[in-house]
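Colleague: Got a minute to go through this model with me? I'd like to start with how some of the helices pack.

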Amino acid sequence: MAGFEFELTRNITIGQYLPTGSLVHRMDPRVKLLAFTILVIAMAVCDTYGGNIIALAFACWLFYMSRIPINYGLSGVKPAIPFILILAVLQLLFYTKVASGGTVLVDYGFILITSDSIRLVVVSAFRFIEIIFLSSVLTLSTSTTQITHGIESLLRPLKHVKFPVHEFALIITIAIRFVPTFAMEMEKMMKAQASRGAEFGTGAWWRIIQRTKDVFPIIIPLFNVAMSRAEDLVLAMEARCYTPGSERSIYTKYKAQTKDYIAILFCILFAAFLLVFPFPY
């Protein structure tokens, strides 16, 4: 078991809240959610090397502004590395028709690798990391309650078309909050199984199939724990007389301040810069 990472919760940054009292933490959650949406759209559309390098630097800068160690943010990327590598291989092998332009680098059988397909792979990896960084900053600087109230406030106009705004916000919040909970439960199961002699991750990191087989024994127990947690949550909500669709009052009233308007304006300008500026590469 040497070298295997049992500390899953240490590498899960999405869904955890880290209060540092920074300027980002004190911002209006509605502004943070809106800025997050604008930046994610801009980063998903930007397809240049230069634009994505700047976007990644901007995401790292947000960690600095949030007073969150950048090493903690990088640890959140570690679990996603296998998915990024698999995605890169699939794009190189099967997306040749989409990105068949540019200089041909490899042309062997059905494998066609061009400079454009390389660009697609690199840019996709950048986008993946940037969005993980942004999601981490958002959840590390915003509590679960603030996210719920922020989503509900932003989507409130949809109530006029009978959209279940509160229920939707609650579903999103529970989904985000359960990410570190499942990681913690999975970590406990892996440690318990390892203490009984089970082998986890004894193979090299590139032996993805073997490592996947190692994890199979804890999938069903993990589902059982998930169902148990969900049942506990339902009982807790019913004990507090939660009724879907009923009108609710909110104790906390958010009011955007000058710094919030400046922040959202800055994010809009930055997103426009990524999309409009003619980066040479």
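Modeller: Sure. This is a predicted model, and a good place to begin is α8 (residues 165-195) with α10 (residues 219-239), whose axes come within 10 Å and cross at roughly 135°.

Colleague: What do you call that, parallel, antiparallel or oblique?

Modeller: Oblique, because the cut-off for roughly antiparallel is over 145 degrees and α8 and α10 cross at roughly 135°.

Colleague: And is the crossing of α8 and α10 left-handed or right-handed?

Modeller: The α8 and α10 crossing is right-handed.

Colleague: Which residues meet there, from α8 and from α10?

Modeller: α8 brings L170, I174, F178, T181, F182, M184, E185, M186 and M189. Facing them from α10 are P221, L222, V225, A226, R229, L233 and M237. Sorted by class, the contact of α8 with α10 has 13 nonpolar residues, one polar and two charged.

Colleague: OK, other pair. At what angle do α2 and α11 pack?

Modeller: About 5°, and the axes of α2 and α11 are 9 Å apart. That makes α2 roughly parallel to α11. On the α2 side the contact is made by V31, L34, A35, I38, L39, A42, M43 and V45. α11 supplies D260, I264, C267, I268, F270, A271, L274 and L275.

Colleague: How many charged residues in the contact of α2 with α11?

Modeller: One charged, alongside 15 nonpolar and no polar.

Colleague: Stay on α2. What should its 17 residues span?

Modeller: 24 Å at 1.5 Å a residue, for residues 29-45, and the end C-alpha atoms of α2 are 24 Å apart, which agrees.

Colleague: Which residues of α2 are buried?

Modeller: P29, R30, V31, K32, L33, A35, L39, V40, A42 and M43.

Colleague: And what do the buried residues of α2 pack against?

Modeller: Besides α11 (258-276), they pack against α1 (23-26), α3 (49-65), α6 (115-141) and α7 (144-154).

Colleague: Tell me about P29. What is its relative accessible area?

Modeller: P29, in helix α2, has a relative accessible area of 2%, so it counts as buried. Setting aside neighbours within four places in sequence, P29 is in contact with T142, Q146 and Y254.

Colleague: How far apart are P29 and A125?

Modeller: In sequence, 96 residues; in space, 28 Å from C-alpha to C-alpha.

Colleague: Switching to backbone. Which residue in the loop between α3 and α4 should I look at?

Modeller: R67. R67 has a positive phi of about 60° and is not a glycine. I'd flag that because most residues other than glycine have a negative phi.

Colleague: Is R67 buried or exposed?

Modeller: Exposed, with a relative accessible area of 53%. C241 also has a positive phi, near 60°, and C241 isn't a glycine either.

Colleague: Where is C241?

Modeller: In the loop between α10 and α11. C241 is exposed, with a relative accessible area of 66%.

Colleague: Last topic, the whole chain. How many helices and strands?

Modeller: There are 11 helices and two strands. Along the sequence the pattern reads α-α-α-α-α-β-β-α-α-α-α-α-α. The C-alpha trace spans about 65 × 55 × 40 Å along its principal axes.

Colleague: What share of the 281 residues is buried?

Modeller: 36% of them. As for contacts with a separation of 6 or more, 77% are accounted for by residues 24 or more positions apart.

Technical notes
Residues numbered from 1 in each chain as written. Predicted model: local features only at pLDDT ≥ 70, side-chain atom pairs only at ≥ 80, totals over all residues. Heavy atoms only, no water. Helix = DSSP H or I, 4+ residues; strand = E, 2+ residues; numbered from the N terminus. Expected span 1.5 Å × (residues − 1). Buried < 20%, exposed > 50% of the residue type's maximum accessible area, 1.4 Å probe, protein only. Contact = heavy atoms within 4.5 Å. Axes fitted to C-alpha atoms, helices over the stretch in contact; angles between N-to-C directions. Left-handed = near helix turned anticlockwise from the far one by under 90°. Nonpolar A, V, L, I, M, F, W, Y, C, P; charged D, E, K, R; others polar. Parallel < 35°, antiparallel > 145°, perpendicular 65-115°, else oblique.
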